[in-house]
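Hi,

Here is the structure I promised to pass on. Have a look at it first, and then read my notes underneath.

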Amino acid sequence: MRRLIVLLAVLTALTCTAAAYEPPQDFTGLTLEQVIAGFMDANQLSEENFSISYCNTVTGESYAFNDEKFVIAASTYKLPLNMYFYEMERDGEITGDTLITWSGQTLDYIHEQSIVYSNNELSEALMYYWGDHAAYKEHMRKYFTMTDEEIDPLYYQANYYCVRMMMDCLKYLYENQADFEELIGYMKQAMPGQYFQRGVTEYEVAHKYGSVQWYNNDVGIIYTPQPFLLAVYTQSLGVGNDGICAEAARLLTAYTVWQGEHMPEPESEEIPGEMPQEPVPETPPEVPAPEAELPQTPPEEAPPKSAVSPAWLLLLLLPLGVLLYVLRAGKLRSQR
């Protein structure tokens with residue numbers, strides 16, 4: 001009976017692949033929303049089994065579908081987890097040769113095993129570095145923009161994430177690439193020929209895939225001429241079925257490249273060269289305007305000197321003469 005179940009699972013994985021879907025050769029007149037809607041219709045995808053988030057790092061164009069639905073993240077949780085420890089190393093809180101496990105594995109060794117080979121046991125050693133699952137989940141919120149009200153309580157109960165969280169994480173990773181050079185290098189090595197790397201072969205892909213039971217997910221950076229970020233979560237499409245992740249990456253690579261080749265050229269500011277200048281007509285020297293003659297105010301005439309009439313003079317001298325007479329008469333008397 002057990003063998004029959006395994007056989008059925010294998011047959012399901014082989015038959016439940018992505019429907020044959022060829023990306024359009026010409027995206028003229030198509031919005032990104034229409035492009036993804038066509039892909040979903042062709043593959044019978046819906047809110048029940050599909051979540052996606054896309055962002056062009058050059059133009060800023062973005063689109064998300066069902067991006068706040070919390071589902072089993074599988075091994076994609078290892079991306080923010082490793083990012084956190086790389087930043088602890090940068091800040092001097094821990095070193096690469098720090099022993100993380102009782103058996104003697106160092107942080108440097110665990111980084112590679114966790115990202116390239118998706119080692120679960122060693123990744124869980126990092127997860128419980130802070131003591132318990134709740135503390136780990138709280139530390140991971142450093143990279144996410146969702147508020148307490150927006151986060152489903154499922155987030156704290158088990159390995160639940162949503163593609164909006166993963167897109168926040170990818171944006172942080174891309175904007176701070178200098179701090180994560182080794183990490184991105186490991187992501188480029190991870191799972192060659194599968195998931196996003198199966199759908200995109202002509203450009204570099206740095207991704208962290210994840211698969212458990214009926215959940216098949218991938219998140220990463222696709223280095224087209226205009227690099228873009230992509231997070232895809234699927235469920236109930238078949239055990240180990242990475243086809244939708246691969247085809248979504250292929251479609252959006254074609255779309256991004258086409259948009260880059262057909263986007264209008266930015267209008268450049270023309271810098272004038274040495275242009276012959278028209279002769280400037282000579283301006284005749286300015287002739288000062290004649291000063292306006294102000295009306296002359298005639299000088300004030302001095303009041304005429306008053307002429308003293310003889311009668312007045314007589315009246316003025318008469319008292320003086322009487323006074324002299326009296327004084328003289330008094331002097332003569334005194335001499336007698």
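Below is what I found, starting with the sheet and then going on to the aromatic rings and the helices. Keep in mind that this is a predicted model.

**The sheet**

The place to start is an open sheet of five strands, in the order β2-β1-β7-β6-β5 and with antiparallel pairing. Its edge strands are β2 (62-65) and β5, each of which pairs on one side only. Averaged over the sheet and ignoring direction, neighbouring strands are turned by 5° against each other.

If you walk in from the β5 edge, you go from β5 (residues 205-212) to β6 across eight bridges, with the two strands antiparallel. To find your place there, look for Gly210, which stands opposite Asn217 in β6. These two strands make a hairpin with two residues between them, and Gln213 in the turn has a positive phi of about 55°.

β6 (residues 215-222) is worth a closer look, since eight of its eight residues are buried. In a regular strand, side chains alternate between the two faces of the sheet. Here Tyr215, Asn217, Val219 and Ile221 point one way, while Asn216, Asp218, Gly220 and Ile222 point the other way, and all of them are buried. So don't be surprised to see Asn216, Asn217 and Asp218 on the buried list.

On its other side, β6 pairs with β7 (residues 228-235), again antiparallel and again over eight bridges. Gly220 has Leu230 in β7 as its bridge partner. The hairpin that joins β6 to β7 runs through five residues.

Next comes β1, which is joined to β7 by seven bridges and runs antiparallel to it. Cys55 is the residue opposite Leu229 in β7. From β1, four bridges lead on to β2, also in the antiparallel sense, and Tyr54 has Tyr63 in β2 as its bridge partner. The β1-β2 hairpin has five residues between the strands, and Gly60 in this hairpin takes a positive phi near 85°.

The two faces of β2 are not alike: Tyr63 and Phe65 make up the covered face, and Ser62 and Ala64 the uncovered one. At this end of the sheet, helix α2 (residues 32-43) lies across β1 and β2, running at about 35° to β2.

**Aromatic rings**

How many aromatic pairs are there? The count comes to 19. One of them is Tyr54 with Phe228: the ring centres are 5.3 Å apart and the planes are at 35°, which falls between the 30 and 60 degree cut-offs, so the pair is tilted. Tyr54 lies in β1 (residues 50-56) and Phe228 in β7, so this pair ties together parts of the chain that are 174 residues apart in sequence. Both Tyr54 and Phe228 are buried.

Another pair to look at is Tyr143 with Tyr172, which is edge-to-face, at 5.0 Å centre to centre and 70° between the planes. This one also links distant parts of the chain: Tyr143 is in the loop between α6 (133-140) and α7 (154-157), Tyr172 is in helix α8 (residues 163-175), and they are 29 residues apart. Are the two partners buried or exposed? Tyr143 has a relative accessible area of 3%, so it counts as buried. Tyr172 comes out at 23%, which is over the 20% limit for buried, so Tyr172 is partly exposed.

Both of these tyrosines belong to one aromatic cluster, together with Tyr84, Phe85, Tyr129, Trp130 and Phe180. Tyr84 has a charge over its ring as well: the charged end of Lys142 sits there, 5.4 Å from the ring centre. Elsewhere, the charged end of Lys188 sits over the ring of Tyr223, 4.8 Å from its centre.

**Helix α5**

Last, take a look at α5 (residues 120-127). Which of its residues are buried? They are Leu122, Ser123, Leu126 and Met127. Around the helix axis they cover an arc of only 155°, which means that they are on the same side of α5. An α-helix has 3.6 residues a turn, so residues three or four places apart point the same way. The buried residues of α5 pack against α3 (78-90), α4 (107-115) and α6.

Cheers

Methods. Residues numbered from 1 in each chain as written. Predicted model: local features only at pLDDT ≥ 70, side-chain atom pairs only at ≥ 80, totals over all residues. Heavy atoms only, no water. Buried < 20%, exposed > 50% of the residue type's maximum accessible area, 1.4 Å probe, protein only. Pairing = 2+ DSSP bridges. Phe/Tyr/Trp six-rings, centres within 6.5 Å; stacked < 30°, edge-to-face > 60°. Lys NZ or Arg CZ within 6 Å of the ring centre and 35° of its normal. Axes fitted to C-alpha atoms, helices over the stretch in contact; angles between N-to-C directions. Contact = heavy atoms within 4.5 Å. Arc of directions from axis to C-beta.
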